[in-house]
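Welcome, and thanks for taking a look at this model with us. Let's start at one loop residue and work outwards from there.

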Amino acid sequence: MASNRRTFLKTATACAAAGMVLPHFRGISHLFGEEQQRAYKVGICDWDLRGFTANPDSFEVAKELGFQGVELSYTLEGLFTLRNSEKNRELYREAAQKSQMEIPSVAMGLLNEHPFAREDDAESWVLDCMEAMHTLEVKRVLLAFFGNGELKDRPEDQKSAIEKLKRLVPHAEKLGITLAIETYLNAEEHLRIIDAVGSDAVKIYYDVQNMTNKGYDIFEEIETLGKKKLIAQVHLKDDNHRLENSVIDLKRVRDSLEKVEYSGWLVVESAVNGDWKESQSANAAFARKLFS
């Protein structure tokens with residue numbers, strides 16, 4: 001096999017020098033019958049690192065478990081809140097660099113309790129969060145719409161959310177930030193909101209468990225949203241099982257993401273059965289193997 005590779009490389013080099021193009025060239029691995037698969041980075045939500053939510057130490061904990069990044073929580077208060085604190089933002093930036101970890105996204109889970117559509121201060125929080133993200137060089141923020149912030153079957157709240165998103169997108173576009181909405185809406189409903197806002201800065205944070213719980217065909221939805229490049233990020237989640245034992249067909253999820261050429265992060269959420277550290281370590285190993 002090694003000699004075949006050397007022969008191929010010499011041939012390819014000669015063809016390139018002669019201005020020739022090898023037909024249907026997809027890389028050396030493909031031509032030798034080896035599977036070509038996109039390599040995804042795998043992170044974890046900081047609220048699943050017990051006791052390390054909104055904490056710079058979350059990077060070291062996640063790294064020990066085998067993850068490559070941490071989705072940070074934006075909180076309104078707390079010792080290490082990102083809100084209106086340049087000092088804390090620098091702490092997170094330095095901690096990530098020291099541990100050689102990445103920050104795939106910042107999550108505004110607080111919007112579940114303080115609904116984006118109805119909370120007067122919600123827009124100012126998102127603007128401040130974007131400034132924190134700019135310092136941290138993070139490009140995706142999760143805007144949560146669950147609990148009190150639910151949008152499903154609430155047309156007035158959907159209308160309000162659209163108007164607020166319209167006011168926020170100019171700043172998001174300026175900073176190159178994606179506002180990733182995570183809701184219980186189906187693909188068609190999501191598309192209506194995105195079309196109404198009218199900006200590429202608004203996309204979907206797709207949670208495979210949440211959408212399964214609502215009875216949606218997640219593979220069809222991934223294809224629908226993915227073909228339009230509207231999936232900003234993905235939560236690999238299972239409410240009751242570790243990922244290796246998930247009731248969701250994660251191999252098919254992988255294939256669906258490959259099909260639409262998704263290239264973003266996969267962030268593990270929940271998926272605990274038994275000891276949380278053992279569970280998350282197993283989740284990291286399983287996800288990195290399956291999706292790499």
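Begin with Asp 48, which sits in the loop between strand E1 and helix H3 (58-65). Keep in mind that this is a predicted model.

Is Asp 48 buried or exposed, and what is its nearest side chain of opposite charge? Asp 48 is buried, and that side chain belongs to Arg 50, 5.3 Å away. A salt bridge needs a side-chain nitrogen of Lys or Arg within 4 Å of a carboxyl oxygen, so this pair does not count as one. Asp 48 in fact has no salt bridge.

Which residues does Asp 48 touch once its neighbours within four places in sequence are left aside? The contacts are Val 268, Glu 269, Ser 270, Trp 276 and Gln 280.

**Strand E8 and its partners**

That list leads us to strand E8, which spans residues 266-270. Strand E8 is mostly covered, with 4 of its 5 residues buried. It pairs with two strands, E1 and E7, as set out here:

| Strand paired with E8 | Sense | Bridges | A residue and its partner in E8 |
|---|---|---|---|
| E1 (residues 42-45) | parallel | 3 bridges | Gly 43 and Val 267 |
| E7 (residues 231-238) | parallel | 5 bridges | Leu 236 and Val 268 |

Val 268 therefore turns up twice: it stands opposite Leu 236, and it is in contact with Asp 48. In a regular strand, side chains alternate between the two faces of the sheet.

**Helix H10, between E7 and E8**

Strand E7, helix H10 (residues 250-259) and strand E8 together make a right-handed β-α-β unit. Which residues of H10 are buried? They are Leu 250, Val 253, Arg 254, Ser 256 and Leu 257. These residues lie on the same side of H10, because they cover an arc of only 165° around the axis. An α-helix has 3.6 residues a turn, so residues three or four places apart point the same way.

On the face of H10 turned away from that buried side you will find the exposed residues Lys 251 and Lys 259. And what covers the buried residues of H10? The cover includes helix H8 (208-213), helix H9 (218-227), E7, E8 and helix H11 (276-290).

**The whole chain**

Stepping back, the protein chain has 11 helices and 8 strands. Of its 292 residues, 51% are buried. Among contacts between residues at least 6 apart in sequence, 76% join residues at least 24 apart.

Key
Residues numbered from 1 in each chain as written. Predicted model: local features only at pLDDT ≥ 70, side-chain atom pairs only at ≥ 80, totals over all residues. Heavy atoms only, no water. Buried < 20%, exposed > 50% of the residue type's maximum accessible area, 1.4 Å probe, protein only. Pairing = 2+ DSSP bridges. Right-handed = clockwise from strand over helix to strand, strands pointing away. Lys, Arg positive; Asp, Glu negative; His and termini not counted. Contact = heavy atoms within 4.5 Å. Arc of directions from axis to C-beta.
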